[in-house]
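Trainee: I've got this model open and I'm curious about its empty spaces and how some of its helices meet. Can we walk through it together?

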Amino acid sequence: MARTKTAFKPSLSDRVFDIANFTFMALVMIVTLYPFLNVLAISLNDSVDTVRGGIYIWPREFTLENYVQIFKYDGLITGAKITILRTLAGTFLGLLSGTMLGYVLSRVDFQGRKFMSTFLALTMYFSGGMIPVFILIRDLNMMNSFLVYIIPGMVSAFNVFVIRSFIDSLPYSLQESAKLDGANDFTIYYKIILPLCKPVLATIALFLAVGQWNSWFDTYLYNGNAPHLTTLQFELMKVLQSTQGQTSGMMSGQNMAEIVKQVSPESIKMAITIVVTVPILLVYPFLQRYFVKGMTLGAVKS
């Protein structure tokens, strides 16, 4: 006589937990999405109508004029080009240097492993401060230079330790077998280590890209007098300050006052905020799959 499968009936405590969990996650989603939706709604609303207030998650009088006006601002286009370039270059070189150093520190036959690890760890807790760093950048002739966006942050101790820990979790027998087949250190790094490190590389790449994209203070310190090296976030900072009346004469390119005549300062701020936020959000879907795929690649098989 065949056994019949009985349907699983969740208990009362399970149903209460599911309802509470769903409610909590819904609240978290609302709290997380509302500020972004509010900024988007204001940026798509008529600037004159925006002054009245009362706009939440849906524009009352839909228009694209706010975006049309801000893209007439020369500094925004220049800043977007430099920001994209520094994000691509900074992310690539940061990954290259981080993975190389992480691979070297993961090698048990590297005699300076302990010293280098201690030296890198100290840089996470102690620094010379802003003024010594500024003097160093000046003496290295990197003022008003694109290199100041790349070289100072090319090596991050935190990223190196994360990559090294991931490589340590990989079976060392893979490297040993490759050596027996005649592979040198660079071949092992390029053809074995890097393909297995896709999850951690995606995570570090996201950290580096977001950091480069959102950075503006280095532009203010080192390239403030070089309009051709301005960045998107620096232009946003200047727009926000100019619309609040806190600065004068900071705007480069087309005078922002001409744009303010067309749209309200609030609309300018919200529209530029969306312009600088959306591109980096588009990166997440392409990297998300690496966060959950292959995370067990480092498990040692017996």
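**Pockets, a cavity and two helix contacts**

Mentor: By class, the lining of the largest cavity has six nonpolar, four polar and no charged residues. Keep in mind as we go that this is a predicted model.

Trainee: How much space lies in the largest cavity?

Mentor: Start with the count, which comes to one cavity of 30 Å³ or more. The space in the largest cavity is about 50 Å³.

Trainee: Which elements each supply at least two residues of the lining of that largest cavity?

Mentor: Go through the residues that line it: Gly94, Leu95, Gly98, Met154, Ser156, Asn159, Val160, Ile163, Ile204 and Leu208. Match those numbers to the helices, and the elements supplying at least two each are α4, α7 (157–168) and α10.

Trainee: On to the pockets. Which element gives the largest share of the lining of the largest pocket?

Mentor: That pocket has a volume of about 740 Å³. Of its 28 lining residues, the closest to the centre are Val133, Ile151, Pro152, Gly153 and Met154. Two or more lining residues come from each of α4 (74–106), α6 (130–139), α10 (198–214) and α11 (217–222). The largest share, five residues, belongs to α6.

Trainee: How many charged residues does the lining of the largest pocket have?

Mentor: Sort the lining by class and you get 18 nonpolar and eight polar residues. What remains in the lining of the largest pocket is charged, and the number is two.

Trainee: Which element gives the largest share of the lining of the second largest pocket?

Mentor: This pocket's volume is about 360 Å³. Leu88, Thr91, Phe92, Leu95 and Ala205 are the closest to its centre, out of 21 lining residues. The elements giving two or more residues are α4, α9 (185–196), α10 and α14. With nine residues, the largest share comes from α4.

Trainee: And by class, how many residues in the lining of the second largest pocket are nonpolar?

Mentor: In that lining, no residues are charged and three are polar. The nonpolar number is 18.

Trainee: Now the helices. Is α9 roughly parallel or roughly perpendicular to α10?

Mentor: The two pack at an angle of about 70°, and their axes are 5 Å apart. Angles of 65 to 115 degrees count as roughly perpendicular. That is why α9 is, relative to α10, roughly perpendicular.

Trainee: Where they meet, how many residues of the contact of α9 with α10 are nonpolar?

Mentor: On the α9 side there are Leu194, Pro195 and Leu196, which meet Lys198, Pro199 and Leu201 in α10. One residue of this contact is charged and no residues are polar. The nonpolar number is five.

Trainee: What about α1 and α14: is α1 oblique or roughly parallel to α14?

Mentor: Helix α1 (residues 12–43) and helix α14 (residues 265–281) have axes 8 Å apart and pack at an angle of about 125°. Angles over 145 degrees count as roughly antiparallel and 65 to 115 as roughly perpendicular. The angle of about 125° therefore makes α1, relative to α14, oblique.

Trainee: By class, how many residues in the contact of α1 with α14 are charged?

Mentor: From α1, the contact uses Phe36, Val39, Leu40, Ile42 and Ser43. From α14 come Glu266, Ser267, Met270, Ala271, Thr273, Ile274, Thr277, Val278 and Leu281. Nine residues in this contact are nonpolar and four are polar, and the charged number is one.

Trainee: Last one: is the crossing of α1 and α14 left-handed or right-handed?

Mentor: Look along the contact at how α1 passes α14. The crossing is left-handed.

Technical notes
Residues numbered from 1 in each chain as written. Predicted model: local features only at pLDDT ≥ 70, side-chain atom pairs only at ≥ 80, totals over all residues. Heavy atoms only, no water. Axes fitted to C-alpha atoms, helices over the stretch in contact; angles between N-to-C directions. Helix = DSSP H or I, 4+ residues; strand = E, 2+ residues; numbered from the N terminus. Parallel < 35°, antiparallel > 145°, perpendicular 65-115°, else oblique. Left-handed = near helix turned anticlockwise from the far one by under 90°. Contact = heavy atoms within 4.5 Å. Nonpolar A, V, L, I, M, F, W, Y, C, P; charged D, E, K, R; others polar. 1 Å grid on protein atoms, 1.4 Å probe; cavity = no way out; pocket = protein on both sides within 12 Å on 5 of 7 lines; lining within 4 Å. Points joined across faces, edges and corners; volume = space filled by probe spheres on them.
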